[in-house]
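Colleague: Could you take one part of this model and go through it closely? I would like the contact between two domains, and then a few local details.

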Amino acid sequence: MADAPHPFSPLTPDEIRAAAALARTADGADGCRFIAIGLDEADKEAYHAWVDAGGPRPARRARASVYDAARQVREITVDLDAGSVVADRLFPNAYPPITPDEYVAVEASVKADPKMIAALAARGIDDMGAVQIDVLASANMGHPLDGRHRYARAVPYLRGPLGMNSYARPIESLLALVDLDTHEILAIEEYDTKPIPAADGEYRTGTLPARTGVKPIAITQPEGVSFTVDGNRVRWFDWEFSASLEAQDGLVLHDVRFRGRRVLHRASCAEMIVPYGDPHPMHNWRTYFDAGEYGLGACTNSLVLGCDCVGEITYLDAHLAAGDGDVVEIANAICLHEEDHSLLWKHTDHATGNVESRRARRFVVNSMATVGNYDYAFRWNFGLDGHIELEVELHGIISTMAHTEGEDLKGTQLVDEGLSGPHHQHLFCFRLDLDVDGPRNTVCEIEAEPVPTGPDNPEGNAWRSKTTVLRTESEAARDANDHLARQWYVGNPHERSVAGAPRSYRIVPMHGVTPLLARPEATIYRRAGFGRHTLWVTPYRPDERNAAGTYPYGRVDQDGLPEWTAADRGIEDTDIVCWYTAGVTHFVRPEDWPIMPAARTGFRLEPAGFFDRNPTLDWPASEAACCHRDG
Ligand code: CO
């Protein structure tokens with residue numbers, strides 16, 4: 001089978017349809033709705049036996065996540081080669097995420113509800129066509145409906161004339177609780193009525209006369225690009241990896257190697273949450289799990305050349321499953337390109353006058369998801385020197401609330417007339433299955449340690465790097481500390497660098513890291529326990545995929561990092577997974593209205609003793625004379 005797909009190639013449309021048909025043959029699954037259908041990844045050892053040792057190609061398997069007629073969530077694994085069901089796992093008490101067809105059905109149901117119509121009429125709104133309904137995850141805060149219904153909180157906004165930004169006009173203190181399965185209105189809740197703000201939310205083309213004098217910047221690669229793409233397998237100089245899109249995790253990388261050496265087996269966003277800081281009952285339940293309750297892949301945009309990406313771009317399309325098991329294509333779901341990235345290295349030898357300067361470029365793998373009012377770009381940037389930088393770029397429109405003059409702003413910022421935005425966090429937990437030079441790795445924490453002033457340190461200038469081996473899961477629940485430049489080295493203790501230390505990559509925090517700010521009493525503290533720490537390390541378990549459990553919708557009793565790590569398993573010299581939470585603690589500011597300028601967060605993976613010296617000495621000087629000059 002010369003044209004058989006790489007084991008980490010995502011399912012083709014035909015494979016998705018075949019998987020759906022096979023999954024329906026499982027007991028009680030014939031009438032199921034599909035939550036997702038994706039690749040069931042090859043066992044790690046079997047994959048390496050194939051890729052590294054020429055062993056048999058792993059079986060092509062798919063995993064169908066289904067919501068069956070008994071309203072149970074199940075994962076049905078099928079062998080596509082054999083045409084059989086190989087596993088059928090039940091997830092008790094789990095609810096599936098909200099799906100796009102449910103937004104539409106719930107909005108229609110809310111707009112037809114007599115009590116909602118009457119409540120809106122009491123606020124002077126008769127035209128239901130001018131109302132926007134946001135269908136939002138219910139959370140679970142002990143409401144009588146929790147655990148009895150899979151429901152959403154539907155929140156109205158007044159969409160002004162000609163498609164104006166409706167977040168300028170929240171219809172405060174009115175919401176509908178709607179069963180997502182039946183679209184039945186379960187309750188209408190009303191609080192203290194506030195005037196609908198008269199804010200100006202317009203930002204579209206034509207809002208202001210466009211600025212003139214903007215000269216074009218053209219990015220061209222007249223001799224073509226320096227990378228190749230074979231299916232979803234990408235090769236760019238020393239790097240090689242697979243990139244694909246999954247319904248829940250969004251952009252996923254597999255088997256990332258540098259010069260053939262293993263770095264990462266898999267990297268993905270394992271959950272992201274947006275908990276809000278205002279205590280009002282219209283807002284205190286807003287704790288969206290954008291991966292587990294909405295789906296980062298399901299919400300992925302089709303990227304557009306010239307707008308979302310410029311230059312010589314290669315796009316990968318993605319194929320996901322619709323509820324009926326048919327295929328949803330997201331064209332241009334992943335963008336691949338190289339870009340100039342300032343300097344790689346440079347030195348002027350002041351004694352000889354010799355100048356050596358090398359221009360850097362980086363390789364960018366990018367996808368973008370729109371989840372409600374926010375848009376997130378996920379970028380994995382690969383460097384020539386072996387580093388990988390994960391960058392999340394945040395775009396969109398802040399969540400808004402009406403504000404009455406003189407009212408205590410509490411955890412919000414006034415942004416326009418009668419309009420404020422609650423402060424909030426965006427926490428992104430990345431699952432990093434690092435296999436640095438092989439699967440057996442040990443994680444060490446390195447931080448700066450000032451030496452006490454005394455006979456050994458008379459000047460008081462001395463400090464050292466302090467290394468602490470993290471031996472168990474409890475030891476490895478760690479927080480970032482910029483004051484001590486804390487970082488984490490993940491290395492193979494059986495392979496040593498020139499410095500005698502394990503061949504390692506290190507995880508370096510960027511942009512500051514603030515853990516979850518909600519109190520331990522808050523339900524979000526339990527539901528998104530991963531947010532309590534920057535780093536967690538677990539022994540590799542293929543089933544431990546999502547930091548707050550795979551099906552967090554409306555749940556309190558879920559699994560996730562705090563539950564798994566309570567066993568305090570050993571993590572030394574074994575196959576480990578690191579979980580790193582980056583984030584933005586968003587103090588809303590006036591400049592974030594009516595549309596926010598991009599905000600960024602992320603982290604870096606850097607080789608640290610993975611090589612014995614700078615691995616880019618062979619990088620050529622560019623044509624410009626200034627890049628190499630003998631003194
Ligand atoms: Co924000």
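Modeller: What follows is a walk through one domain interface, then one sheet and two loops.

This is a predicted model, in which local features need pLDDT of at least 70, side-chain atom pairs count only at pLDDT 80 or more, and totals for chains, interfaces and linings use all residues. Residues are numbered from 1 along each chain as its sequence is written, and side-chain values use heavy atoms, with hydrogens and water left out.

The protein chain is assigned domain 1 (13-91), domain 2 (100-190) and domain 3 (227-608). Such bounds come from an automatic or database domain assignment. Take domain 2 and domain 3. Their C-alpha centres are 33 Å apart. On the domain 2 side, 23 residues are in contact with 26 residues of domain 3; contact means heavy atoms within 4.5 Å.

The size of an interface is often given as the accessible area lost when the parts come together. Here domain 2 and domain 3 bury about 2,000 Å² between them, with 61% of it on carbon and sulfur atoms. Buried area is the accessible area (1.4 Å probe) that two parts lose on being put together, summed over both.

Salt bridges between domain 2 and domain 3 number zero. The rule asks for a side-chain nitrogen of Lys or Arg within 4 Å of a carboxyl oxygen of Asp or Glu.

Which strands build the domain 2 side that touches domain 3? Strand 5 (131-137), strand 6 (151-158) and strand 7 (174-179) each supply at least two residues. Strand 6 gives the most, with five residues. Strands here are DSSP runs (E, at least two residues), numbered from the N terminus. By class, this side of domain 2 has 17 nonpolar, four polar and two charged residues. Ala, Val, Leu, Ile, Met, Phe, Trp, Tyr, Cys and Pro count as nonpolar, Asp, Glu, Lys and Arg as charged, and the others, Gly among them, as polar.

Now the sheet. Three strands form an open sheet in the order 20-22-21, with antiparallel pairing. Strand 20 (401-402) and strand 21 (412-416) are at the edges with a single partner strand each, so one side of each has no neighbour in the sheet. Strand 20 is joined to strand 22 (residues 419-422) by two bridges. Pairing requires at least two bridges found by DSSP. Ala402 has Leu419 of strand 22 as its bridge partner.

Last, the loops. The peptide bond from Trp593 to Pro594 is cis, with omega near 5 degrees. Pro594 sits in the loop between strand 29 (574-586) and strand 30 (596-608). Arg71 has phi near 55 degrees, a positive value in a residue other than glycine. Arg71 is in the loop between strand 2 (61-67) and strand 3 (73-79).

Terms used: Helix = DSSP H or I, 4+ residues; strand = E, 2+ residues; numbered from the N terminus.
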